[in-house]
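Me: Could you take one part of this model and look at it closely, explaining how it fits with the parts around it? I am in my first year, so please explain the terms as you use them.

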Amino acid sequence: MSDTLTDQFKAGFRRYPTGVAVVATSTDTGPVGATVSSVASVSANPPMLSFSVSRSGRSGPALTGSDRLAVHVLTDSQADVAAAFADRTAPRFTVAQGWTLQHGEPPVLDDAAASFYGQVVRVVPAGEAWLVLLEIDAVSLDETAEPLLHHDRHYWSLGPSASTVPLDRILPEKAS
């Protein structure tokens, strides 16, 4: 392993398990999307999330230049979708993967754990990436879906809970 700070930084984040999502939009030349593991909640009021996308990738300019995006949180049965969007040569947006395409609207991924739809409100250059802020105007949920996780260059599903006590019993309630 190299000792450069960049290599150590990348290695450190490979040890950080994250959820996996596909960010997608519709363009004049067809749908565009990318696998991301950087989705984060930013604000509940107004509902807003962020994600980052590479400035050197082919999908980044289309995603950051679009007004409307969809962020689909993948389930443990959608590792093939994540892999397809991480591979520049793999087929994307296929019916077999569960996609529904409507002209002028962001692609819809059936059976996603959660799908967030919204307007790009800000794109910030950040090193080799763009940080995108998306104000959400619609959400769809699959209450029974198990999430897909990414850790150390592999996809994983959740195992048994690490806690037998629900968090609402551990965390103090907010004072009224």
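Reply:
**A strand and its partners**

Val22 stands opposite Thr35 in S3, and this pair is a good place to begin a look at strand S2. Before going further, please keep in mind that this is a predicted model, in which local features need pLDDT of at least 70 and side-chain atom pairs count only at pLDDT 80 or more, while totals for chains, interfaces and linings use all residues. Residues are numbered from 1 along each chain as its sequence is written, and side-chain values use heavy atoms, with hydrogens and water left out.

Strand S2 covers residues 21-27, and strand S3 covers residues 30-36. A strand here is a DSSP run of E with at least two residues, whereas a helix is a run of H or I with at least four, and both are numbered from the N terminus. S2 and S3 are joined by seven bridges and run antiparallel, and they make a hairpin in which two residues lie between the strands. Two strands are said to pair if DSSP finds at least two bridges between them. In general, strands of a sheet pair through backbone hydrogen bonds, either parallel or antiparallel.

S2 also has a partner in strand S6 (residues 68-73), to which four bridges join it, again in the antiparallel sense. In this pairing, Ala21 stands opposite Val73 of S6.

How enclosed is S2? Five of its seven residues are buried, so the strand is largely enclosed by the rest of the structure. Buried means under 20% relative accessible area, exposed means over 50%, and partly exposed lies in between, using a 1.4 Å probe and protein chains only. As background, buried residues make up 32% of the 176 residues in the chain, which has four helices and 12 strands.

Another hairpin, formed by S4 and S5, likewise has two residues between its strands. Strand S4 (residues 40-44) and strand S5 (residues 47-54) are antiparallel and share four bridges, with Ser50 in S5 as the bridge partner of Ala40.

Elsewhere, an open sheet of three strands follows the order S1-S11-S12, with antiparallel pairing. Strand S1 (18-19) and strand S12 (154-157) are at its edges with a single partner strand each, so one side of each has no neighbour in the sheet. Within this sheet, S11 (residues 148-151) is joined to S12 by four bridges, and Leu148 has Ser157 in S12 as its bridge partner.
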